[in-house]
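Dear colleague,

I am handing over the structure we spoke about, and I would be glad if you read it alongside the notes below.

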Amino acid sequence: MNISLLLPISGILLGGVFLSSQAPINAALARSLGDPLLAACISFGIGFLILAVISAFRGGLPSGSAVASAPWWSWLGGLLGAFYVAIVIWGVPQLGVVSTVAALVFGQVVAALILDAVGAFGLPVQEISWQRVVAALLILGGLVLSRAG
C-alpha cells in the first residue's frame, strides 16, 4: 500500500468508528426524548454549532459568488445526511449496531459502484469489476450472517 494513503485511510477508519458509536448514542438520546426525529435534529444542531465555530476560526463564510456557482444538487448533502441520521436512530434499536452498520455499508458500496461507473458528480469513471461486485456481495453476506440465529 502507498504510504501516502495511510493518513486518509486512518482518518476514514476513525470516521467509521465514530459513525458506529454515533448510532447507539443518538438512539439513546431518542429514547430519552421519546422522539427519533427530535434526537436527529439535536444531533445536527450540535454538529452545526461545532462546524460553525471551526469555520469562523478558519476564516468565515464563502463569497456570494462561490455560493451561487455551486450546482443545485450540491445542496442536497444536508437532506441526505438528515435522512441518514434519522434512519439510523430508528434502525439501531430494531436491528442492533452491527446489522445497521452492515446494511449502511452495503447500501454505500452498491451506490458507490454505480456512482463510480457513471462518473457521477464529476468523479472519474471507474468500471464495475468482478472484484468490486464480490466485495459488495461479501458485505451483503456479513449483513445476512449478522441477522442469523
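What follows is a short account of what was found.

Please keep in mind throughout that this is a predicted model.

I begin with the aromatic rings, where the count comes to one aromatic pair. Trp73 and Phe121 form this pair, with 4.7 Å from centre to centre and 50° between the planes, and it is classed as tilted; an angle of 50° earns that name because planes under 30 degrees apart count as stacked and those over 60 as edge-to-face. The pair links distant parts of the chain, since Trp73 sits in the loop between helix 3 (64–69) and helix 4 (77–95), while Phe121 sits in the loop between helix 5 (97–118) and helix 6, 48 residues apart.

The two partners can also be described by their accessibility: Trp73 has a relative accessibility of 32% and so counts as partly exposed, whereas Phe121, at 53%, counts as exposed.

Both residues belong to a nonpolar surface patch of about 850 Å², which is made by Trp72, Trp73, Leu76, Leu79, Leu80, Leu115, Phe121 and Leu123. Of these, Leu115 lies in helix 5, and its relative accessible area of 31% makes Leu115 partly exposed.

Lastly, there is Ala148, which is found in the segment after helix 6 (130–147). Ala148 counts as exposed because its relative accessibility is 53%, and exposed means over 50%. The C-alpha atom of Ala148 is separated by 26 Å from that of Leu13, and the two residues are 135 residues apart along the chain.

With best wishes

Key. Residues are numbered from 1 along each chain as its sequence is written. This is a predicted model: local features need pLDDT of at least 70, side-chain atom pairs count only at pLDDT 80 or more; totals for chains, interfaces and linings use all residues. Side-chain values use heavy atoms; hydrogens and water are left out. Helices (H or I, at least four residues) and strands (E, at least two) are DSSP runs, numbered from the N terminus. Buried means under 20% relative accessible area, exposed over 50%, partly exposed in between (1.4 Å probe, protein chains only). Rings of Phe, Tyr and Trp (its six-membered ring) pair if their centres lie within 6.5 Å; planes under 30 degrees apart count as stacked, over 60 as edge-to-face and the rest as tilted. Patches are made of residues with over 30% relative accessible area and no salt bridge: like charges are joined within 9 Å, nonpolar side chains (Val, Leu, Ile, Met, Phe, Trp, Tyr) within 5 Å. Accessible areas come from the Shrake-Rupley method with a 1.4 Å probe; for residues, only the protein chains shown count as cover. A salt bridge is a side-chain nitrogen of Lys or Arg within 4 Å of a carboxyl oxygen of Asp or Glu.
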